[in-house]
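Q: Could you take a close look at one hairpin in this model for me? I would like to see its turn first, then the strands around it, and then how that part connects to the rest.

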Amino acid sequence: MRTGKRIVARIDPRFSPFLLLVRRSPIDRYGIFAGETIPRNRRVIEYTGERITYRTANGRFRRILRSGRPRRFYFFVLNKRWVIDGSAGGTGAELVNHSCEPNLVRRRIAGHIYYYSRKRVRSGEELSVDYRFSKDTIRCKCRCGAPKCRGTINLK
Ligand SMILES: [Zn+2]
């Protein structure tokens, strides 16, 4: 764990019962860090954003790919019809980085997506979740650094 990283922001406490901080991440740009200990199996934050159709998401996805800008997507596939685009109206959960050995797990409950702790998270630890990108979509290299890293964010 690195210390002394500049704290950029804190997540609005309405979105999480825990103190969560936005900081520079060794995984990618910015990440979310626990500002206090989070016990196992607790709801940490809801993933929110603009609810769009799969088709609209596809259009945005292609536009980002064509734009030549850094490829940053905050799409969360809710089901076959709906996608949540966390780049608009996100709680900050969209900044949680991917890890092949994450400390959070996502759960879909009644049309909502929540991140739960799958183990005890110590204060100062970066929060992470397995993005589980489809193997049929664009391949993304993984730099999570976990001992059991798959080498890709996509499922094999
Ligand atoms: Zn990895």
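A: In this predicted model, the hairpin formed by β9 and β10 has two residues between its strands, and Ala110 takes a positive phi near 50° there. That is a positive value in a residue other than glycine, so it is a good place to start your tour. Ala110 sits in the loop between β9 and β10. Is Ala110 buried or exposed? Ala110 counts as exposed because 4 C-beta neighbours lie inside 10 Å, and 12 or fewer is the cut-off for that class.

Now follow the two strands away from the turn. β9 covers residues 104-109, while β10 covers residues 112-117. The two run antiparallel and are joined by six bridges. Within this pairing, Arg106 stands opposite Tyr115 of β10.

The hairpin belongs to an open sheet of three strands, ordered β4-β10-β9, with antiparallel pairing. β4 and β9 are the edge strands, each pairing on one side only. On average, neighbouring strands of this sheet are turned by 30° against each other, direction ignored.

Tyr115 is a handy residue for seeing how the hairpin meets its surroundings. Leaving aside neighbours within four places in sequence, Tyr115 is in contact with Val44, Ile45 and Tyr47, and β4 spans 43-47. Further contacts of Tyr115 are Leu104 and Arg106, both inside the 104-109 range of β9. Ala93, Val96 and Val129 complete the list of contacts for Tyr115.

Tyr115 also has a place in the largest nonpolar core, which has 23 residues. Along with Leu20, Ile32, Ala34, Val44, Val96 and Leu127, Tyr115 touches the most other members of that core. Elements giving two or more residues to this core are β2 (20-24), β3 (30-34), β4 (43-47), β6 (75-77) and β7 (82-85). As general background, nonpolar side chains in soluble globular proteins tend to be buried together.

One more residue is worth setting beside the turn. Arg132, in the segment after β11 (128-129), likewise has a phi near 50°, a positive value in a residue other than glycine. Arg132 counts as partly exposed because 13 C-beta neighbours lie inside 10 Å, whereas Ala110 counts as exposed with 4.

Key. Residues are numbered from 1 along each chain as its sequence is written. This is a predicted model: local features need pLDDT of at least 70, side-chain atom pairs count only at pLDDT 80 or more; totals for chains, interfaces and linings use all residues. A nonpolar core is a set of buried Ala, Val, Leu, Ile, Met, Phe, Trp, Tyr and Cys residues joined through C-beta atoms within 7 Å. A residue is buried if 20 or more other C-beta atoms lie within 10 Å of its own, exposed if 12 or fewer, and partly exposed in between; C-beta atoms are placed from the backbone. Helices (H or I, at least four residues) and strands (E, at least two) are DSSP runs, numbered from the N terminus. Two residues are in contact if their C-beta atoms, placed from the backbone, lie within 7 Å. Two strands pair if DSSP finds at least two bridges between them. Axes are lines fitted to C-alpha atoms, for helices over the stretch in contact, and angles run from 0 to 180 degrees between N-to-C directions.
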